[in-house]
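Here is a short report on one protein chain. Keep the structure open while you read, and find each part as it is named.

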Amino acid sequence: MALELRQQLKLSQQLVMTPQLQQAIKLLQLSRLELVETVQQELLENPLLEESLIEDEHPEPTIAEELKAPESNREEAEMQRELQKTAEWDDYIGDFASTSRQATTREYEAPEDGVSFEARLSGRTSLEGHLSWQISLSALNEQERHIAETIVGNLNSTGYLQASAEELAQDTGASPEEVERVLKVVQHFDPVGVASRTPRECLRVQLDFLGYEDPILLSLVDEHLEDLEKKRYKALAKKFKITFEDIREYLDIIVSLDPMPGASFSSADPVYVSPDAYVYKYGEDFVIVLNEDGLPKLQLSPYYMEDVSRCGQGKDKDYLQDKMRSAMWLMKSLYQRQRTLFKVLESIVKFQREFFEHGVSKLRPLILKDVAEDIGMHESTVSRITTSKYVATPHGIYELKFFFNSALGLDDGTSVGSESVKALIKQLIGAEDPKKPISDEQIADILKEKLQVNIARRTVAKYRMAMGIESSSKRKAVL
């Protein structure tokens, strides 16, 4: 068979992801704080993009007005917007715009004279730093301090030791006996029980430090933690020949101890949620307010625009034109993101009106396809715009994904949302008698008899575990 080279023409269609399209898709799935950071970065990198500090005398149509306009008018408005040099953020939702305008006139308290802002900030103390400070103040010699520092360096985030005495001895050149002796000193540092290897050892160190010598209490910690966890109180009362009241007193002491002494020094920063939108009830309707606080109003730099018109041919003009197209595409993508977010929220409010009126118990089944068909967009677009987005409602702050949930059938042929059933399960468990907690099977029967919700026991168990609620045997209180 001979090999030969040939040329041939082939016509095919394929989707090409241009950098501009990739940017538009990326902006859809950014959270509000990430969006602000991205816009600020673009302001630094693109000389033709700048923040507008002047209010526009001819505001654009609001998103709400534009969505009610005929399709031909929308297309014409979009064409005019592309030709404009500025993107006015405050006019997206008209009279119901967020407080971004007010933020520019907000008065702040002046910092104290002579004290910088950074000087009034305090760093969070780490567990390692807290223990190292105590080591430096202790009466340990140089070799013992080296062992103690090695012990501290092998602690996890909850304060437990992740190395054996033999491994620490090999690392420090000391004997296992010396390591054990220094380890006992470190375990009595603050927080007491740190550097323990097991929960039992941690609790015993704390009991010894507090001076408890009751043999029953020590035995409960040494040998019966699993029995206490599984609430086998009757067997424990029989073994130690004590009453349930005595067990309750022992439990109160054990519960007062800290099984994870290093957790309070965790370096993980809390996650703060900034809502992307607010939903308020105004009369009989619900008003959607996009949160644009902190988002700068963008415009093309007049100074550089003059350079674009003055430049002839060459690299300078190509560079400025490229940056101009990039800036205009960014402004258009930002507007399209806000417009899409508004439309999706408007659809969610329409489908989940009962939730906004009465709360989680009235949340109805909803899927991405329902919203996508309602607003005439693809499901993937709805999925992206609801990722990492939060909305403040009259009943709390929720992620947009929360409003999409599966359905459970009712006896009358209708359906109810899974999140509503979870709320009902949580309500039933919250109202139960602690001495006689209701089982998963009983919960399923109650939901079926009183609310006509067809749900299996294993489904109740799955929802209960998803909410972090223990089984009825572990919820049972001491008699």
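## A sheet, its helix and a core

Start with one pair of residues: Val279 has Ile288, in E4, as its bridge partner. This comes from a predicted model.

That pair belongs to a longer match. E3 and E4 run antiparallel and are joined by six bridges. Their hairpin has two residues between the strands, and there Gly283 takes a positive phi near 70°. Is E4 mostly covered or mostly open? E4 is mostly covered, with five of its six residues buried.

Now widen the view. E3 and E4 sit in an open sheet of four strands, in the order E4-E3-E6-E7, and the pairing is mixed. Which strands form the edges? They are E4 and E7 (396-399), and each pairs on one side only. On average, neighbouring strands of the sheet are turned by 25° against each other, direction ignored.

The table lists the strand pairs, moving across the sheet.

| Strand pair | Sense | Bridges | Opposite residues |
|---|---|---|---|
| E3 and E4 | antiparallel | six | Val279 and Ile288 |
| E3 and E6 | parallel | two | Tyr278 and Ala392 |
| E6 and E7 | antiparallel | four | Thr393 and Gly396 |

Look at E6, residues 390-393. E6 runs parallel to E3, whereas its pairing with E7 is antiparallel. A hairpin of two residues joins E6 to E7.

A helix lies against these strands. H16 packs on the sheet and touches E3, E4 and E6. The direction of H16 makes about 155° with that of E4.

H16 also has a helix partner. Two packed helices are described by the angle between their axes and the distance between the axes. For H2 (residues 32-45) and H16, the angle is about 165° and the axes are 12 Å apart. H2 is therefore roughly antiparallel to H16. Their crossing is left-handed. Which residues of H2 meet H16? They are Arg32, Leu35, Val39, Glu42 and Glu45. On the H16 side, they meet Lys323, Leu330, Leu334, Arg337 and Gln338.

Next, go inside. In soluble globular proteins, nonpolar side chains tend to be buried together. Here the largest nonpolar core has 27 residues. Leu345, Ile348, Phe356, Val371 and Phe403 touch the most other members. Several elements give two or more residues to this core, among them the strands E3 (277-282) and E4 (285-290). The helices H16 (315-351), H17 (353-358), H18 (368-375) and H19 (379-385) do so as well. Which element gives the most? H16 does, with six residues.

Phe403 is worth a closer look. Set aside its neighbours within four places in sequence. Phe403 is then in contact with Ile348, Gln352, Phe355, Phe356, Leu363, Arg364, Leu366, Val391, Thr393 and Tyr398. A second, separate core has 23 residues, including Leu127, Leu161, Ala174 and Leu183.

Finally, step back to the whole chain. How many helices and strands does the chain have? There are 23 helices and nine strands. Of the 479 residues, 40% are buried. Now take the contacts with a separation of 6 or more. Residues 24 or more positions apart account for 67% of them.

Note on methods
Residues are numbered from 1 along each chain as its sequence is written. This is a predicted model: local features need pLDDT of at least 70, side-chain atom pairs count only at pLDDT 80 or more; totals for chains, interfaces and linings use all residues. Side-chain values use heavy atoms; hydrogens and water are left out. A nonpolar core is a set of buried Ala, Val, Leu, Ile, Met, Phe, Trp, Tyr and Cys residues joined through side-chain atoms within 4.5 Å. Buried means under 20% relative accessible area, exposed over 50%, partly exposed in between (1.4 Å probe, protein chains only). Contact means heavy atoms within 4.5 Å. Two strands pair if DSSP finds at least two bridges between them. Axes are lines fitted to C-alpha atoms, for helices over the stretch in contact, and angles run from 0 to 180 degrees between N-to-C directions. Angles under 35 degrees count as roughly parallel, over 145 as roughly antiparallel, 65 to 115 as roughly perpendicular and the rest as oblique. A crossing is left-handed if the near helix is turned anticlockwise from the far one by less than a right angle, and right-handed if clockwise.
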